[in-house]
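Please look through the sequence and the three-dimensional model shown below, and keep both at hand while reading. The paragraphs that follow go from single residues to the packing of helices, and from there to pockets and cavities.

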Amino acid sequence: MSIKENYELAKQVYAKWGININEVLETLKTVPISIHCWQGDDVGGFEVNKSELSGGIDVTGNYPGKATTPEELRSDLEKALSLIPGKHRVNLHAIYAETNGEAVERDQLEPKHFENWVNWAKENGLGLDYNPTLFSHPKASDGLTLSHPNEEIREFWIKHCIGSRKIAEHFGKELGTPALTNIWIPDGYKDIPSDRLTPRKRLKDSLDKIFAVETDENYNLDAVESKLFGIGSEAYVVGSHEFYLNYAMKNNKLCLLDTGHYHPTETVSNKISSMLLFSEKVALHVSRPVRWDSDHVVILDDELKEIAVEIVRNDALNRVIIGLDFFDASINRVAAWTIGTRNMIKALLTAMLIPNEYLKQLQEEGNFTERLALMEEFKTYPFGAVWDYYCEKMGVPVRETWLEEVKAYEKEVLSKR
């Protein structure tokens, strides 16, 4: 049977539950995923005076073909985007500035250093998001930045974050869609601290100074991101979940939840509904931790599907800002982007193909038998037929055929670097 024929049969199956697949696909194509640029070059960036990767972050593997220039990185992103259905966004870190060979310190970065990215985004109909880079730098060598006891170092990073928000605001103005500026810092201690409060006081003061400089929320949205621990900050992280959750709520900022930044048995899917009760918007960095924050490529596992279900069943597609954050240097990097992003979209589609309102009703009625039975049965409904049709309709490869394009790109482009 053809893709169209399979789709028509699937439509009938889902229609019995009041699910209009045509409407579902029209909604799905409006949901942007913010694709992280740093998968393409192993979080290297293009600084003239480049430092080794630090901040509790590690990338393993040495697969050939890594992007070494902005042009190569954009080319690789274009290839990945051509294999992913929908219109999406690209998430940049400050270290991806282009300074024409001039050494520009991070606290001196301006919108002009990202004009090539802005022009490229315009040409490709993309939005841009942004992150100040508070790692891989001599002034972060001891693992402290915005909470540093040295005021000069602290002020350097404050200025960098203020400048970052101005850069993101520029993105929003130029591209007609607000950029998300997400602040994550590596600050913490390897062993048990003798004072947990003072570094957090300094971090709060630094954030207050950063956000005292106003930006237009029509163009820039501010988020703060917590972490449980990192390499070199195993015992204590200054910017804990409790710290940032409270700070975000009190100061009307977004709290960004990274799926790898919690205890191994903690799930972000379980946090989303609580966040939506008290926040207009919630931001996500979707990754795949394997026993720790290891940033593996996103797969279509139970947690990813549950995250998508929480977004969809709570009518929050316009309230949850979905970004990805993984970096695997052991496989083809274009393939990594393609696998992870397609899986995020697949998860959203599976969530839209569930009779969520009816399942809610069953729970309210205490009919847990039917609830469990239907939740399990829908796992084997013909989602794949709908996904294949969506890919075909959106002009991207169906099923695994995208892999042939990646192999050809590797042979023609990546292998020659």
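Is Asn-100 buried or exposed? In this predicted model, Asn-100 has a relative accessible area of 81% and is therefore exposed, since the cut-off for that class is over 50%. Its place in the chain is the loop between β2, residues 89-93, and α4, residues 115-124. The backbone of Asn-100 also deserves attention, for its phi is near 55°, a positive value in a residue other than glycine. As background, most residues other than glycine have a negative phi.

A second residue with a positive phi is Val-43, where the angle is near 60° and the residue is again not glycine. Val-43 belongs to the loop between β1 (34-36) and α3 (70-81). With a relative accessibility of 6%, Val-43 counts as buried, because the limit for that class is under 20%. The two loop residues can thus be read side by side: Val-43 is buried, whereas Asn-100 is exposed.

Another loop position is Glu-280, found between α8 (269-278) and β9 (282-286). Its relative accessible area of 66% makes Glu-280 exposed. For a sense of distance within the model, one may take the C-alpha atoms of Glu-280 and Pro-64, which are 216 residues apart along the chain and separated by 43 Å.

Two helical residues complete this survey of single positions. Asn-22 is part of helix α2 and is partly exposed, with a relative accessible area of 35%. When residues up to four places away in sequence are not counted, Asn-22 touches Tyr-7 and Lys-11. The C-alpha atom of Asn-22 is separated by 30 Å from that of Leu-277, a residue 255 places away along the chain. His-241, for its part, is found in helix α7, which covers residues 241-251, and at 16% relative accessibility His-241 counts as buried. Apart from neighbours within four places in sequence, His-241 is in contact with Ser-226, Leu-257 and Tyr-262.

The next step is from residues to the packing of helices. In general, two packed helices are described by the angle between their axes and the distance between the axes. For α9 and α11, the axes come within 10 Å and cross at roughly 90°, so α9 is roughly perpendicular to α11. Which residues meet where these helices touch? On the side of α9 they are Val-309, Val-312 and Arg-313, and on the side of α11 they are Asn-356, Glu-357 and Lys-360. Sorted by class, this contact of α9 with α11 has two nonpolar residues, one polar residue and three charged residues.

Both helices return in the description of the pockets. The largest pocket has a volume of about 810 Å³ and is lined by 35 residues, of which Thr-27, Val-31, Leu-317, Asn-318 and Arg-319 lie nearest its centre. The elements that give two or more residues to this lining are α2 (21-28), β4 (179-183), α9 (302-313), β10 (320-324) and α11 (356-365). In the lining of the largest pocket, 18 residues are nonpolar, eight are polar and nine are charged.

The second largest pocket has a volume of about 470 Å³, and 17 residues line it, with Lys-305, Val-309, Ile-354, Met-375 and Lys-379 nearest its centre. At least two residues of this lining are supplied by each of α9, α11 and α12, the last of these covering residues 368-377. Which element gives the most to the lining of the second largest pocket? That element is α9, with five residues. By class, this lining has nine nonpolar, two polar and six charged residues. Val-309 therefore appears twice in this account, in the contact of α9 with α11 and among the residues nearest the centre of the second largest pocket, where both definitions rest on distances between atoms or from atoms to grid points.

Cavities, from which a 1.4 Å probe cannot get out, are the last topic. The count comes to five cavities of 30 Å³ or more, and the largest cavity has a volume of about 240 Å³. Its lining is made of 21 residues, and Ile-57, Phe-135, Trp-184, Asp-325 and Phe-327 lie nearest its centre. The lining of the largest cavity divides into eight nonpolar, seven polar and six charged residues.

Methods: Residues numbered from 1 in each chain as written. Predicted model: local features only at pLDDT ≥ 70, side-chain atom pairs only at ≥ 80, totals over all residues. Heavy atoms only, no water. 1 Å grid on protein atoms, 1.4 Å probe; cavity = no way out; pocket = protein on both sides within 12 Å on 5 of 7 lines; lining within 4 Å. Points joined across faces, edges and corners; volume = space filled by probe spheres on them. Helix = DSSP H or I, 4+ residues; strand = E, 2+ residues; numbered from the N terminus. Nonpolar A, V, L, I, M, F, W, Y, C, P; charged D, E, K, R; others polar. Axes fitted to C-alpha atoms, helices over the stretch in contact; angles between N-to-C directions. Parallel < 35°, antiparallel > 145°, perpendicular 65-115°, else oblique. Contact = heavy atoms within 4.5 Å. Buried < 20%, exposed > 50% of the residue type's maximum accessible area, 1.4 Å probe, protein only.
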